[in-house]
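Q: I am new to this structure and should like a close look at one part of it, set within the whole. Which residues line the largest pocket and lie nearest its centre?

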Amino acid sequence: MNELARLPSVERLVQAPEAAPLVEAHGRRAVVEALRAVLAGAREAVLEGGAAVPAEAEILASAARALAAEAAPSLRPVLNLTGTVLHTNLGRAPLPEAAVDAVAAVARGASNLEFSLDEGRRGDRDDHVEDRLRRLTGAEAATVVNNNAAAVLLVLDTLARGREAIVSRGELIEIGGAFRMPEIMEGAGVRLREVGTTNRTHARDFEGAIGEATGLVLKVHKSNYEISGFTKEVPERELAAIARARGIPFAVDLGSGSLADLAGFGLPHEPTPRACLEAGADLVTFSGDKLLGGPQAGLVVGRADLVARLKRNPLKRALRCDKMTIAALSEVLRLHLDPPRLATRLPALRLLTRPEPEIRAMADALMPAVASALSGLAAVERVECASQIGSGAQPVDLLPSAGLAIAPLTDGGVAGPSASRILAALRRLPLPVVGRIAKDRVVLDLRCLEDPAALADQLPALRAALSREAEA
Ligand SMILES: *Cc1c(COP(=O)(O)O)cnc(C)c1O
């Protein structure tokens, strides 16, 4: 009990000169709470463990660490070395600097978001992107919402609420994060009319299903899976003709929907919104942060009369995107207007088209430093690997890449940290590194590492973390 009496009071600690910068940074209330927590812990350690009363400086240092940890942002940058370039859980497309600057410019103050500077009256937030979208896709009109799921929802709600939407059974997809086409339809009060079978759907299936109750014919791009073998689907041009003959709107949900001709960049072909519209689609929906390489957004392009109906739907108000998204999207679309320079200026495309020899050279250059940082803990080698586009584009096409494989030491009887421990230590670095495990090794695909120092500079911290663990 005597020991406990020597613990300083919270009041005394807050008044200490070392506490002043903490109060300045975090506010007095947070500092008092942190000190109380540290004191409570110390009291318990004395009473139950017979520990010595910690010095004042030690108590203040513990509180400072706790306050710093609490103040760190929850959402922060990471190094995506998973090999999946457009990784949904890691925020999808990295934005070009020009788009980041555009976001910062409007984030700080007022902007003409919905205000026409020419006419001095109310404008429409779509005005900042609609022209460029028209030029890039050949569409009559365009509108933008929060993401592609919202775009699909808006199209269904506007054109088919209380009626039927006809979709091929082979296209009733689920996309990561609980986007299930049948559930989106239910949410929009649309009755799903499934036609055909999982592997084969014919024109006659659609023709037979169209009737009084039909509001929409919908084609969904099979983003994240592929059916091969005995398959048949109805081409867009044919579906468009069937729908038009019966006066029914025909929409295509493209998912990724690249604006650029990817084959021209040496990448697997992806259908473009322009090609869909030329094939007769009345509306096409696609994402802003997949192959477009921009911010999270859902884009709808197509017939002017239908887009006008989408804009009049009160749901549009709930699904609209904010000024920062519009600012970023407008810049990204501007870059798309200059295809020859797109692969250098748009990070998503730059990473996807990065030549394998360049990635391999980076892996070779980093190898010795990583190996030496992990010597005695793990073995490191340069490996060939295969990156994926991600976000549902071309699930089966892999891009040749290179990386580092970190294998736990198994020889000599001294077991080093396991692959999952190494993976976890990488995640806990100041700039977290996200890799993956393949065959009991940690694989870091270097395709998305443009600045090798971001990894190299953290190697001492990685070694320290793994050595600490090995001792513990
Ligand atoms: C990704 C995808 C969606 C959902 O788009 P988000 O922008 O993630 O909301 C919808 N449909 C298809 C076909 C997709 O690939």
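A: A contact, as the word is used here, means heavy atoms within 4.5 Å. With that term in place, the whole chain may be described before the pocket. The model is a predicted one. Among the contacts in the protein chain with a separation of 6 or more, 74% are accounted for by residues 24 or more positions apart. The chain has 472 residues, and buried residues make up 49% of them. Its secondary structure consists of 21 helices and 17 strands. Along the principal axes, the C-alpha trace spans about 90 × 60 × 40 Å.

The protein chain is divided into domain 1 (2-71), domain 2 (79-87 + 352-471) and domain 3 (97-345). Domain 2 is thus written as two stretches of the sequence, 79-87 and 352-471. Taken over C-alpha atoms, the centres of domain 2 and domain 3 are separated by 36 Å. Both of these domains contribute to the pocket, for its lining draws at least three residues from each of domain 2 and domain 3.

The largest pocket itself holds about 870 Å³ of space. Its lining is made up of 26 residues, and those nearest its centre are Val78, Leu90, Arg92, Ala93 and Pro94. In terms of class, the lining has 16 nonpolar residues, seven charged residues and three polar residues. Three elements each supply at least two residues of this lining, namely strand E1 (79-80), helix H6 (97-107) and helix H17 (347-352). The largest share comes from H17, which provides three residues.

Arg92, one of the residues nearest the centre of the pocket, merits separate attention. Its place is in the loop between E1 and H6, and both of those elements supply residues to the lining. Most residues other than glycine have a negative phi. Arg92, although not a glycine, has a positive phi of about 55°. Arg92 counts as buried because its relative accessibility, 18%, is under 20%.

The loop between E1 and H6 also holds Val85. Val85 is likewise buried, with a relative accessibility of 3%. Leaving out residues up to four places away in sequence, Val85 touches Arg92, and also Asn80, Ala348, Leu351, Leu352, Gln388, Ile389, Arg447 and Cys448. Val85 therefore has a contact with one of the residues nearest the pocket centre, Arg92. Val85 may also be set against a residue far along the sequence: Leu291 is 206 residues away in sequence, and the two C-alpha atoms are 10.0 Å apart in space.

Arg447 leads from Val85 to another buried position. Arg447 is touched by Val85, and Arg447 is also in contact with Ile359. Ile359 lies in helix H18, residues 356-373. At 0% relative accessibility, Ile359 counts as buried. Apart from neighbours within four places in sequence, the contacts of Ile359 are with Arg354, Ser401, Ala402, Leu446 and Arg447. Between the C-alpha atoms of Ile359 and Val443, which are 84 residues apart along the chain, the separation is 14 Å.

Three positions elsewhere in the chain may be set beside the pocket residues.

Asp440 invites comparison with Arg92 in its backbone. Asp440 has a positive phi of about 65° although it is not a glycine. The residue lies in the loop between strand E16 (436-438) and strand E17 (441-445). Is Asp440 buried or exposed? Asp440 counts as exposed because its relative accessibility of 62% is over 50%. Arg92, by contrast, counts as buried at 18%.

Ser116 belongs to strand E2, residues 115-116. With a relative accessible area of 19%, Ser116 is buried. Its side chain reaches the backbone nitrogen of Glu119 at 3.1 Å. When residues up to four places away in sequence are not counted, Ser116 touches Arg121, Arg122 and Gly123.

Glu18 is found in the loop between helix H2 (10-15) and helix H3 (20-26). Its relative accessible area of 45% makes Glu18 partly exposed. The C-alpha atoms of Glu18 and Ala57 are 8.0 Å apart, while the two residues are 39 residues apart along the chain.

To return to the request, the pocket is lined by 26 residues, with lining residues drawn from both domain 2 and domain 3. Arg92 is among those nearest its centre, and is itself buried with a positive phi.

Notes: Residues numbered from 1 in each chain as written. Predicted model: local features only at pLDDT ≥ 70, side-chain atom pairs only at ≥ 80, totals over all residues. Heavy atoms only, no water. 1 Å grid on protein atoms, 1.4 Å probe; cavity = no way out; pocket = protein on both sides within 12 Å on 5 of 7 lines; lining within 4 Å. Points joined across faces, edges and corners; volume = space filled by probe spheres on them. Helix = DSSP H or I, 4+ residues; strand = E, 2+ residues; numbered from the N terminus. Nonpolar A, V, L, I, M, F, W, Y, C, P; charged D, E, K, R; others polar. Domains from an automatic or database assignment. Buried < 20%, exposed > 50% of the residue type's maximum accessible area, 1.4 Å probe, protein only. Polar contact = N/O pair within 3.5 Å; in protein donor to acceptor, adjacent residues only side chain to side chain.
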